[in-house]
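This report looks at how the helices of one model are built and covered. The sequence and structure come first.

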Amino acid sequence: MSKEDKDRADIINRLRRIEGQVKGIQKMVYEEKVCGDILIQIAAVRSALNKVGGMILEDHMKDCIKTSLENGVDDDVLDSLIDTILKYTK
């Protein structure tokens, strides 16, 4: 299994875990659990999503930089990368 395949599998596993956490939050709301407990779980999901987003952004940045180095600096590639980073950080 290549590094890319392992990274992809890791991201998919993390997303499945997040999906389970969100379903757990839905159940907590349905069962009228304590708001503080629900908010803690929401914070955990937010943190997990940020981690996955960071992993994907890191891979995207590496690809963009590698492409720029191989093909010469291309302002379009760099502008696209900057645009992606700005969208992700909003």
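The text below takes the helices in turn, then the core, the loop and the surface.

The model is predicted. Helix α1 covers residues 3–30, and α2 covers residues 35–71. A third helix, α3, covers residues 75–89. The lengths of α1 and α2 can be set against the span expected at 1.5 Å a residue.

| Helix | Residues | Distance between end C-alpha atoms | Expected span |
|---|---|---|---|
| α1 | 28 residues | 41 Å | 40 Å |
| α2 | 37 residues | 53 Å | 54 Å |

For α1, the distance between the end C-alpha atoms agrees with the expected span. For α2, the distance from the first C-alpha to the last is close to the expected value.

Which residues of α1 are buried? They are Ile11, Ile18, Ile25 and Met28, and what covers them includes α2. In α2, the buried residues are Ile38, Val45, Val52, Gly53, Met55, Leu57, Cys64 and Ser68. Their cover includes α1 and α3.

The largest nonpolar core has eight residues: Ile11, Ile18, Ile25 and Met28, together with Ile38, Val45, Val52 and Met55. The elements that give two or more residues to this core are α1 and α2. In soluble globular proteins, nonpolar side chains tend to be buried together. Ile25, a buried residue of α1, shows the contacts in detail. With neighbours within four places in sequence left aside, Ile25 is in contact with Ile38, Gln41, Ile42 and Val45. Of these partners, Ile38 and Val45 also belong to the core.

Positive phi values occur just after both of these helices. Glu32 comes just after α1 and has a positive phi of about 55 degrees. This residue lies in the loop between α1 and α2. Most residues other than glycine have a negative phi. Glu32 counts as exposed because its relative accessible area is 71%, and the cut-off for exposed is over 50%. Just after α2, Gly72 takes a positive phi of about 85 degrees.

On the surface, Ile12, Leu15 and Leu49 form a nonpolar patch. Together these residues have about 230 Å² of accessible area. Is Leu15, a member of this patch, exposed or partly exposed? Leu15 sits in α1 and counts as partly exposed because its relative accessibility is 35%, a value that falls between the cut-offs of 20% for buried and 50% for exposed.

Key
Residues are numbered from 1 along each chain as its sequence is written. This is a predicted model: local features need pLDDT of at least 70, side-chain atom pairs count only at pLDDT 80 or more; totals for chains, interfaces and linings use all residues. Side-chain values use heavy atoms; hydrogens and water are left out. Patches are made of residues with over 30% relative accessible area and no salt bridge: like charges are joined within 9 Å, nonpolar side chains (Val, Leu, Ile, Met, Phe, Trp, Tyr) within 5 Å. Accessible areas come from the Shrake-Rupley method with a 1.4 Å probe; for residues, only the protein chains shown count as cover. A salt bridge is a side-chain nitrogen of Lys or Arg within 4 Å of a carboxyl oxygen of Asp or Glu. Helices (H or I, at least four residues) and strands (E, at least two) are DSSP runs, numbered from the N terminus. Buried means under 20% relative accessible area, exposed over 50%, partly exposed in between (1.4 Å probe, protein chains only). The expected span of a helix is 1.5 Å times one less than its number of residues. Contact means heavy atoms within 4.5 Å. A nonpolar core is a set of buried Ala, Val, Leu, Ile, Met, Phe, Trp, Tyr and Cys residues joined through side-chain atoms within 4.5 Å.
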